[in-house]
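Visitor: Could you take me through this model and explain how each descriptive word is earned?

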Amino acid sequence: MSDTRRIDLHAHSSVSDGTEPPHDLVADAKAAGLDVVAITDHDTVAGWDEASKAAAEFGVTVVRGLELSCTRGSASIHVLGYLVDPDTPGLQPELTAIRAGRTDRLPTMLAALASHGMPLTEEQIWAQAGTADSLGRPHVADAMVAAGYVVDRQQAFDEWLAEGKPAFVNRYAPDVADGVSLISRAGGVPVLAHPWGRESRPALTEELIAELVDLGLAGLEAHHADHDEQAETDLVALAGRLGLAVTGGSDWHGTGKVGHDLGSRLTDPADYERLLGARMAG
Ligand code: AMP
Ligand code: ZN
Ligand code: FE
Ligand code: FE
């Protein structure tokens with residue numbers, strides 16, 4: 001019998017910059033007709049327990065993952081890490097350091113916004129972030145929307161928060177080779193998130209990706225909304241040449257990102273089995 005499972009391996013909850021709690025992520029995955037969904041919050045595993053409980057409630061398989069912030073030179077690169085052992089020595093200190101960098105840049109961002117006539121307090125940002133473990137630029141965007149400075153997150157990024165815009169502030173993240181190694185060492189499965197979306201494209205040459213394969217890289221998220229058709233085709237071919245699995249993920253952020261509905265990008269069950277299926281999630 002053919003395997004028709006619908007598998008989405010990239011989604012965020014309100015534990016980072018998604019808008020819905022982990023429980024609702026899983027409920028929404030069920031409503032979207034998914035059989036498998038991965039919770040991949042930025043630089044934290046704080047949503048895993050709630051999502052795993054909801055997995056049983058809704059009969060959806062939840063893959064425990066995270067999206068690790070990395071860099072190469074000045075480029076930002078995201079690495080999805082599935083099924084890492086969160087107690088691996090060195091993992092939590094690194095995640096804590098990355099999250100500290102997310103928070104530490106806030107005063108500089110707010111000074112930049114104030115200098116452009118958009119004063120905001122840290123309290124206003126935390127009011128948007130709520131109980132999030134991992135603070136992100138989307139929370140700053142939400143505070144800008146609440147203050148009436150912009151109409152939505154997208155305008156906040158396009159005009160102020162995106163790389164190269166006036167309120168962009170760099171933050172700490174490990175080099176991508178160290179990030180891939182860390183996930184491997186933690187018993188996890190590293191996959192490059194949206195490798196040819198935005199600024200990571202020039203950095204992620206075939207040569208660098210081949211080096212990452214030697215460090216344990218297992219897949220490329222070719223099917224992602226930030227890729228045009230040509231990029232998807234070329235990434236699938238590249239994955240074939242390097243012996244990597246191909247994945248797809250919606251990068252759902254609840255109502256925080258348009259064009260990223262749950263299930264809008266899927267992973268082929270054969271690729272899923274190759275990557276994760278044998279060591280299943282709860
Ligand atoms: P941060 O984690 O603070 O670096 O913010 C990165 C997050 O902001 C990404 O995961 C996306 O959810 C969102 N984001 C980044 N760049 C853009 C952009 N140009 N437009 C809209 N959202 C973006
Ligand atoms: Zn995000
Ligand atoms: Fe990402
Ligand atoms: Fe993401």
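Guide: The iron ion (ligand 4) and the zinc ion (ligand 2) are separated by 4.5 Å. This is a predicted model, in which local features need pLDDT of at least 70, side-chain atom pairs count only at pLDDT 80 or more, and totals for chains, interfaces and linings use all residues. Residues are numbered from 1 along each chain as its sequence is written, chains are lettered from A and ligands numbered from 1 in the order in which they are written, and side-chain values use heavy atoms, with hydrogens and water left out.

Visitor: Which residues coordinate the iron ion (ligand 4)?

Guide: H10 (NE2), H12 (NE2), E67 (OE) and D251 (OD) do so, at 2.1 to 2.2 Å. These distances fit the rule for a donor, which is an N, O or S atom within 2.8 Å of the metal (3.2 Å for Na, K and Ca); water is not among the atoms, so sites may look incomplete. Along the chain the donor residues follow the spacing H-x1-H-x54-E-x183-D.

Visitor: What makes the arrangement around the iron ion (ligand 4) irregular?

Guide: Four donors count as tetrahedral if all angles lie between 85 and 135 degrees; four count as square planar and six as octahedral if opposite donors are over 155 degrees apart and all others between 65 and 115; anything else is irregular. The four donor atoms here subtend angles of 77 to 166 degrees. Both ends of that range fall outside the tetrahedral limits, and the arrangement is classed as irregular.

Visitor: Why are H10 and H12 called buried?

Guide: Buried means under 20% relative accessible area, exposed means over 50%, and partly exposed lies in between (1.4 Å probe, protein chains only). H10 has a value of 0%, and H12 also has 0%, so both meet the condition for buried.

Visitor: What are the protein donors of the iron ion (ligand 3)?

Guide: They are E67 (OE), H78 (ND1) and H194 (NE2), lying 2.1 to 2.2 Å from the ion. Their spacing in sequence is E-x10-H-x115-H. E67 belongs to strand β3 (residues 61-72), while H194 is in the loop between β5 (189-192) and α9 (200-203), so the pair ties together parts that are 127 residues apart in sequence. Helices (H or I, at least four residues) and strands (E, at least two) are DSSP runs, numbered from the N terminus. With a relative accessible area of 1%, E67 is buried; H194, at 10%, counts as buried too.

Visitor: What makes the site of the zinc ion (ligand 2) irregular?

Guide: The angles among its six donor atoms run from 52 to 157 degrees. An angle of 52 degrees is below the lower octahedral limit, so the site is irregular. Its coordinating residues include D17 (OD), H42 (NE2) and H253 (NE2), at 2.1 to 2.6 Å. The donors follow the spacing D-x24-H-x210-H along the chain. H42 lies in strand β2 (residues 36-42) and H253 in the loop between β7 (245-248) and α12 (269-275), so this pair ties together parts that are 211 residues apart in sequence. H42 and H253 are buried.

Visitor: Why is α6 described as roughly perpendicular to α7?

Guide: Helix α6 (residues 137-146) and helix α7 (residues 153-161) pack at an angle of about 105 degrees, with their axes 9 Å apart. Axes are lines fitted to C-alpha atoms, for helices over the stretch in contact, and angles run from 0 to 180 degrees between N-to-C directions. Angles under 35 degrees count as roughly parallel, over 145 as roughly antiparallel, 65 to 115 as roughly perpendicular and the rest as oblique. The angle therefore makes α6 roughly perpendicular to α7. Contact means heavy atoms within 4.5 Å; among the residues making it are V140 and M144 of α6 and F157 and W160 of α7.

Visitor: How do you know that S181 is partly exposed?

Guide: Its relative accessible area is 26%, which lies between the limits for buried and exposed, so S181 is partly exposed. S181 is placed in helix α8 (residues 176-185).

Visitor: Where does D43 lie, and why does D43 count as buried?

Guide: D43 is in the loop between β2 and α2 (48-58). Its relative accessibility is 0%, so D43 counts as buried. D43 has a positive phi of about 60 degrees although it is not a glycine. Among the residues that R171 touches is D43, and R171 itself lies in the loop between α7 and α8.

Conventions: Lists of a residue's contacts leave out its neighbours within four places in sequence.
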